[in-house]
Structures are given as C-alpha cells and as structure tokens.
Amino acid sequence: MSHDADMIAMIIDSAAAAIESNKDHLTKLDQLIGDGDHGINMSRGISAIVQKKDELSSLPFDEACKMAGMLIVMTVGGASGPLFGSCLMAIGKGRARMPTNRPELAAMLCDGLDAIKSRGKSDIGAKTMIDVLAPVTAYIATADPFSFEGLRQASADALEATKPIEARKGRAAFLGARSIGHLDPGAQTVTLLVNSISEALENRQ
Ligand code: ADP
Ligand code: MG
C-alpha cells in the first residue's frame, strides 16, 4: 500500500468514528438552532465514503477527494452537503499527492475554505463551519511552535467562540438573536474532524 493510500484510509476511518459516535450530539445542536438533521446528514455522507473506502484509497489524492466530494453532495440533503462536498473537491484540485509539510497543508485547507465561502456566500463571523475552519487553517499556517495539542485547542476555542455569535447564514439565521448562546452544529463537525484526524496523525508518527 502506498503512503497516500494508507493515509486516505486512516483519515476516512478516523472521520467516520468521530461522526458516528457524535451523531446524536450533532443532531441535538441542530435541533436548537436548525432543523435537527445535521447528525443524520453527516452520518449519511461519511457512510457513503466508508462504503467506497477501498476504491477511494486506491486513487491518486486528487481523484479520491473529487470522488469523496461527489459522494457527499449526492448523499447529504442539507446545506452542509454541497459545502463540505465543494470543500473536498477544492482540496483535491491540482494535488495528485497529499501535502507533505505544513505550508502545503495550510494552502490545501485555504483552498477548501475559499470553496465553502464562495459556495455559501459566507465569511468569518456568520456562525458557521467557517468559524472553525478559518482559525484552524490560520493556526496550521502560522503557529510557532506548532503542536497537535495546540491545533486541537485552537479548534476547541474557535468552536466555543461560535456561541455568542448571532447567526447570519444558514437556517440558524432565521432565529436572529435567539441563535445566540448555542454552538454552531457545522462548526462542531469541523472540530470533531480536526480532533480525530489530528489524533490519528499524531499517533502514527
Ligand atoms: P441544513 O442547514 O440545510 O439543515 P445541516 O444541518 O446539515 O444543513 O448543516 C448546517 C450547518 O451548515 C450549519 O451549522 C453551518 O455550519 C453550515 N452552514 C449553513 N449555511 C452555511 C453557509 N451559507 N455558509 C457556510 N456554512 C453554512
Ligand atoms: Mg440542519
């Protein structure tokens, strides 16, 4: 098995474990400020990817990302489907191999972040998944010294910081000021993914 194949399989496994074990928590968060389907949406998307794990991990990185993104777009009904799907497609674009250093990883996440921003017509501060992905990307780009523990802390802090924000995008925006005081479900998903994937990477070294 090639290094990338091994890594793709490992990332799929750790993402799936994180989503499946937090499915009910994600749904509860979305019941508070949305329509209560975020856990189901994420579980459906990651299950479709797990089913194709062998095929995905045999592909070059760019093609694996494209296929995984398309699987998410096809299986996830909510707003998060096209957002995570276009993020994955952008992450793979022009990258036949996985990043091998921190600047490359940061550039890759930046492309994913830009795709979410343009697909969602959104930016930092609207109480969305962007509010975790943007600071996590910045930490990876600039932290000195870098540590996985620091990365997870940056992600946890950014998630917590979504609480006092009044939502301006997605279903939560319909609640206006009543969205204040709750964590954003999509931001929680990004934090779960950062935690699980970074732990897998750290334990692998
Ligand atoms: P839906 O809102 O259609 O039910 P989900 O519940 O699966 O879809 O996902 C909701 C999450 O999607 C939100 O918590 C938020 O993080 C994210 N989201 C929604 N709209 C946008 C947007 N325009 N830009 C970025 N993220 C968004
Ligand atoms: Mg929802």
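The exercises below concern charged side chains and a metal site in a predicted model.

**Exercise 1.** Identify the protein donors of the magnesium ion (ligand 2) and describe their spacing along the chain.

*Solution.* Begin with the atoms around the ion: the protein donors are Asp 30 (OD), Asp 35 (OD) and Asp 37 (OD), which lie 2.0 to 2.2 Å from the magnesium ion (ligand 2). Next, reading along the chain, one finds that these donors follow the spacing D-x4-D-x1-D. Finally, consider the accessibility of one of them: Asp 35 has a relative accessible area of 38% and is therefore partly exposed.

**Exercise 2.** Determine which parts of the chain are linked by the salt bridge between Arg 97 and Asp 4, and classify each partner as buried or exposed.

*Solution.* First, establish the contact: the closest N and O atoms of Arg 97 and Asp 4 are 3.2 Å apart, and a salt bridge requires a separation within 4 Å. The pair links distant parts of the chain, since Arg 97 sits in the loop between α6 (80-92) and α7 (102-120) whereas Asp 4 belongs to helix α1 (residues 3-21), 93 residues apart. Then compare the accessibilities with the limits: Arg 97, at 58%, counts as exposed, while Asp 4, at 6%, is buried.

**Exercise 3.** Locate the partners of the salt bridge between Arg 95 and Asp 111, and state how accessible each is.

*Solution.* The two side chains meet at 2.8 Å, N to O. Arg 95 lies in the loop between α6 and α7 and Asp 111 in helix α7, 16 residues apart. Arg 95 counts as buried at 15% relative accessibility, whereas Asp 111, at 31%, is partly exposed.

Note on methods:
Residues are numbered from 1 along each chain as its sequence is written. Chains are lettered from A and ligands numbered from 1 in the order in which they are written. This is a predicted model: local features need pLDDT of at least 70, side-chain atom pairs count only at pLDDT 80 or more; totals for chains, interfaces and linings use all residues. Side-chain values use heavy atoms; hydrogens and water are left out. Donors are N, O and S atoms within 2.8 Å of the metal (3.2 Å for Na, K and Ca); water is not among the atoms, so sites may look incomplete. Buried means under 20% relative accessible area, exposed over 50%, partly exposed in between (1.4 Å probe, protein chains only). Helices (H or I, at least four residues) and strands (E, at least two) are DSSP runs, numbered from the N terminus.
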